[in-house]
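This report concerns how the chains of one model are arranged and how they meet. The sequence and structure are shown first.

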Number of protein chains: 2
Amino acid sequence: MTNLRVPGPTPCPDEVLAAVGGQMINHRGPEFRDLITRVHRRLQEVFQTKNDVLILTASGTGAMEAALVNTLSPGDGVLCVSIGEFGERFIQIAQAYGMRVVKVDFPYGHAADPEEVRKALRAHPWVKAVCVTHNETSTGVTNDLQALARVVKEADKLLIVDAISSLGCIPLPVDAWGCDVVATASQKGFMVPPGLAFVSMSPLAWEAYRSARSPRYYLDLGKHKAFFEKGQTPWTPAVSLLYGLDVSLEAMLRRGMEAIYAHHARIGALTRAGVRALGLSLLPVEERYASNTVTAIKVPEGVDGNRLVALLREEFGVVVAGGQGPLAGRVIRIGHMGYVREEDIREALEALGKALTRMGYRTPAPTASV
Amino acid sequence: MTNLRVPGPTPCPDEVLAAVGGQMINHRGPEFRDLITRVHRRLQEVFQTKNDVLILTASGTGAMEAALVNTLSPGDGVLCVSIGEFGERFIQIAQAYGMRVVKVDFPYGHAADPEEVRKALRAHPWVKAVCVTHNETSTGVTNDLQALARVVKEADKLLIVDAISSLGCIPLPVDAWGCDVVATASQKGFMVPPGLAFVSMSPLAWEAYRSARSPRYYLDLGKHKAFFEKGQTPWTPAVSLLYGLDVSLEAMLRRGMEAIYAHHARIGALTRAGVRALGLSLLPVEERYASNTVTAIKVPEGVDGNRLVALLREEFGVVVAGGQGPLAGRVIRIGHMGYVREEDIREALEALGKALTRMGYRTPAPTASV
């Protein structure tokens, strides 16, 4: 059995997969209307929002693009807070649509400093929206979204959040924190295969929609809202994945979001302790920003990161991710979002230790310092 | 058991659904590379093309949008041949992206006349591309794509084809007919749940890509091509649906495309004969253009089309589609694409006869005229 520990897609529970294998129905009929209405209500609970949550047949990147093109026009200013590869993705999308990007970035491994964002907003008062990555999957760093949201809302800007690898795993009360547009996807915290993406839109976001002139059709959230009111989607949706989502949301809410957050906090701490016990270092420079959904570990000096990933997969059945972009070969990442048990992490860490030993790495003797 | 006879999503064979329920894998690992490489090769066989076939996580509409935004710029002329709702969709997408649309339309129920398209191309020599719906799902009419393609190629224009409800069911030799961009989706001829879309790109289409300035990111086919060369997709794909597609393509090619085309031709003829035997009329005005994947039937005078659809579903377990756009309430549509057996059609027609009788309709006495 493979221990799939990439930061998405995550393994899916058996009952979710059984539902995903269900036969097709008419996506313009009453059964589908009941399904999407129920799923929408439950998504609102997980998002902790009264806002519309639009359901797209797309990857998370589609939801990020939808967030931008439905609220902004070419030439509009957008401040992008970047702490890694997925922060860069927001910038690339905004640039593809001719928006004016102000980039506020921080070195990989660091969280965003709300004070720097405040200063940038003062220096560029013409920006209309701020894009923030809640949990940066490429570096294993979780931003202090609540503090960042406060800064954005004080400046009266639209807040657009990439919550792809956070929502459903770590707390993100969308309404309480004032997040206008929140994009996420099915294959991480929701424990459903990839192919569905979700975008919540606040009343302020809908106001921006009405004047936003970016071209859009497939990702047009207004069309999604109009069809949702009839219990439909504008285009034929990924029905199978909605079956899985229905089952998964029901199980998540039965367990309770507080219990799920506590589980991920415990799993995150367990992973970091295990990494330290092997004498390895985390990429996140401050423990308090280390992610509870993905742990990025520095590949020790003299070890080939790509070979380590291959060895773990081929010899130990543990599938982890390497580094992305400038981090390629320099970090490995263990995903622990969604469906994950303590024993999955223990097994992965044990395999990591053995693989490193096989590659000639020796755990340093423990020292007094932490 | 429901007899799902909408024109997509179609029922899926048991072995496809079993595959769709499979556990997740790393979408950046060797298993996925093997999967997407194999699926791509088989897609090329079904498309009868040597061109690249890009695999998107999207509905068919996403593939139609990808076809336009990857080959054209704002202000570019595009001639849209429209014979129904899906012809109109190409126009809406082109307009959303600021293209200059020349519309050549024909009354619903008619096929496009290649001579009219030739005249329009002469009158508007500045158009760069022509959009054609191969099979118009809203009217049950199949265009003579081969004849239309000849006209487009004589005029040296880029040919963009919506083959969503045709490919895999009726002949469409992409290279032999000179189709530059062909868009289709998983939930019709491919017998796979919705959520994947495919776009083939000829060398001429890639040449257009290089100068096309329409904004795009999620649907950028160049990114898809670059990642495919690494055995990946740029964004996390709908892995489950790829499992199903793999199984379905293998079965389709084992059966042979000629056998599949013959089956759909037989099923189409059977459906039309049954409709006539009930004294009903087809929406297509000429039998030779009547679709072998969906049959659009005029609702007889005095019968409420919406009530008829509901009665078939609720009392007979037969799920058919009503009319779209201006045809709402005026036609019903029986889908017979992809996974369909003769008995499914016989059962649907028998139910249709009984439902109409219950609604007070009396089959007219047979007359000498056909």
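In this predicted model, the copies meet through the same surface, because 100% of the interface residues of chain B are also interface residues in chain A. The contact joins 46 residues of chain B to 46 residues of chain A. On the side of chain B that touches chain A, two or more residues each come from α1 (14–20), α3 (60–69), α4 (85–96) and α10 (239–255) of chain B. Of these elements, α3(B) gives the most, with four residues. Sorted by class, that side of chain B has 25 nonpolar, 18 polar and three charged residues.

The symmetry of the pair can be described by a superposition. A turn of 180° with a shift of 0.0 Å along the axis lays chain B on chain A with an RMSD of 0.0 Å. The two copies are thus related as by a two-fold rotation axis. Among the residues of chain B, Gly21(B) comes closest to the rotation axis, with its C-alpha at 2.2 Å.

Within one chain, a further contact is found between domains. Chain A is divided into domain 1 (3–7 + 257–358) and domain 2 (14–254), and the C-alpha centres of these two domains of chain A lie 26 Å apart. Their contact takes 24 residues from domain 1 of chain A and 23 residues from domain 2 of chain A. On the side of domain 1 of chain A that touches domain 2 of chain A, α11 (257–277) and β11 (294–298) of chain A each supply at least two residues. The largest share of that side, four residues, comes from α11(A).

The class composition of the two sides is set out below.

| Side | Nonpolar | Polar | Charged |
|---|---|---|---|
| Chain B, touching chain A | 25 residues | 18 residues | three residues |
| Domain 1 of chain A, touching domain 2 of chain A | 15 residues | eight residues | one residue |

The interior is considered last. In soluble globular proteins, nonpolar side chains tend to be buried together. The largest nonpolar core of the model has 254 residues, and those with the most contacts inside it are Ala63(A), Ala183(A), Val199(A), Ala63(B), Ala183(B) and Val199(B). Which residues does Ala63(B) touch, not counting residues up to four places away in sequence? The contacts of Ala63(B) are with Leu56(B), Ala58(B), Ala183(B), Thr184(B), Ala185(B), Ala197(B), Phe198(B) and Val199(B). Two of these partners, Ala183(B) and Val199(B), are themselves listed among the core residues with the most contacts.

How values were computed:
Residues numbered from 1 in each chain as written. Chains lettered and ligands numbered in written order. Predicted model: local features only at pLDDT ≥ 70, side-chain atom pairs only at ≥ 80, totals over all residues. Least-squares fit on C-alpha atoms with pLDDT ≥ 70 in both. Contact = placed C-beta atoms within 7 Å. Nonpolar A, V, L, I, M, F, W, Y, C, P; charged D, E, K, R; others polar. Domains from an automatic or database assignment. Core = buried A, V, L, I, M, F, W, Y, C linked by C-beta atoms within 7 Å. Buried ≥ 20, exposed ≤ 12 C-beta atoms within 10 Å, placed from the backbone.
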